[in-house]
Amino acid sequence: MEQFKKLLEERLIELDQLEKSVRKNKRYIGTVPEGRLRITPCRGKYRYYFRSVGEEKERYMSKNQTDSIRKMVQMHYDEKMLKQIHQTRSAIDRFLKDYNPYAEEEVYEKMGKGRQELVDPVILPKDEYIERWYREHPGSQNCYYEEGKYVTDRGEKVRSKSEVLLANLFHRKGIPYQYEACLSLHGRDNFPDFLLLNVKKRKTAVWEHFGLVDSEDYVQKNMKKLDEYERAGYQVGVDVLFSMEFEGCPLDVKEAERRLQRWLES
């Protein structure tokens, strides 16, 4: 729903740009005679008749007046376009003024506690949804490796300094996450570095950090991992995000934050 609002706001920007183009074209055309142009088909061609404002009779316009005819028709089109742009913009403005993408969620949240206890909400309140998400995606499930020795701001142990930086980034941005939760792909358990929850959209994404991309074997192994995600219905860049580093080029936390923000807003 938030994405729909964003699309409408982008549409308003497009309309502004379109209006500028139309007005620029009108200035280029200049002035045209005021009146009514009538166009009638005749033997596979068209004939043009013009009646000026205040006149009762219309007059025939010859071929040598083609440029004037074209300008009048173009001006008529531009004026209709400006009118339609105004109508579309007004409709979007009215809609956005009253539109609340979270209105359905707020129905339950605005109820008194006594009533909430008696209701089974169709949409879980945000805090309850987050709690359930954590229960359904417990972290630190990868028992195939030794416990990490680096501690995050949230207190869990991870295996690398880069994972500390990422975990702290997620925590600082208020994004619910789990480290090495179990994710089943084609019946096989996988343990992505992080699972993230987009609270507004209530969507889960994977974040993998590739820390040895200058190792050919490591790259091949993780390309296969990305392929497994794709085969399971995930989309790289949509619900599979990643960061990387290699010798001489450590994790770029600012770029990771930009990528994270794009995911939150997409």
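Begin at the hairpin of β1 and β2 and select arginine 43: two residues lie between the strands here, and arginine 43 takes a positive phi near 55°. The model is predicted, and the stops below follow its elements one after another.

**The hairpin**

Extend the selection to residues 35–42, which form strand β1, and to residues 45–52, which form strand β2. The two strands run antiparallel and are joined by eight bridges. To see one facing pair, display arginine 38 and look across to β2, where tyrosine 49 stands opposite.

**The four-stranded sheet**

Next, colour the strands β6, β9, β10 and β11. In that order they form an open sheet with mixed pairing. Which strands stand at the edges? They are β6 (177–179) and β11 (240–244); each has a single partner strand, so one side of each is left without a neighbour in the sheet. Viewed along the sheet, neighbouring strands are turned by 20° against each other on average, direction ignored.

Zoom in on the pairing of β6 with β9, which is antiparallel and extends over three bridges. Within this part of the sheet, select glutamine 178 and then leucine 195 of β9, which stands opposite.

**Helices on the sheet**

Now add α6 (161–172). This helix lies across β6, β9, β10 and β11, and runs at about 15° to β9. Show α7 (216–231) as well. Helix α7 packs on the sheet, where it touches β10 and β11, and its direction makes about 170° with that of β10.

**Threonine 204**

Select threonine 204, which is placed in strand β10. Is this residue buried, exposed or partly exposed? Threonine 204 counts as partly exposed, because its relative accessibility is 31% and this class lies between the limits of 20% and 50%. Apart from neighbours within four places in sequence, its contacts are Trp133, Leu195, Leu196, Leu197 and Asp239. Draw a distance from threonine 204 to tryptophan 133: the two residues are 71 apart in sequence, and their C-alpha atoms are 9.2 Å apart in space.

**Two further positive phi values**

Go to arginine 202, in the loop between β9 (194–198) and β10. Its phi is near 55°, a positive value in a residue other than glycine. With a relative accessible area of 18%, arginine 202 is buried.

Then select serine 140, in the loop between α5 (126–136) and β4 (150–151). Serine 140 also has a positive phi near 55° and is likewise not a glycine. At 49% relative accessibility, however, serine 140 counts as partly exposed.

**The largest pocket**

Finish at the largest pocket, which has a volume of about 790 Å³. Of the 30 residues that line this pocket, select Tyr145, Phe191, Asp193, Lys221 and Lys225, the closest to its centre. Which elements each supply at least two residues of the lining? They are α6, β8 (188–190), β10 (203–210) and α7. Helix α7 gives the most, with seven residues. Colour the lining by residue class to show nine nonpolar, seven polar and 14 charged residues.

Terms used. Residues numbered from 1 in each chain as written. Predicted model: local features only at pLDDT ≥ 70, side-chain atom pairs only at ≥ 80, totals over all residues. Heavy atoms only, no water. 1 Å grid on protein atoms, 1.4 Å probe; cavity = no way out; pocket = protein on both sides within 12 Å on 5 of 7 lines; lining within 4 Å. Points joined across faces, edges and corners; volume = space filled by probe spheres on them. Nonpolar A, V, L, I, M, F, W, Y, C, P; charged D, E, K, R; others polar. Buried < 20%, exposed > 50% of the residue type's maximum accessible area, 1.4 Å probe, protein only. Pairing = 2+ DSSP bridges. Axes fitted to C-alpha atoms, helices over the stretch in contact; angles between N-to-C directions. Contact = heavy atoms within 4.5 Å.
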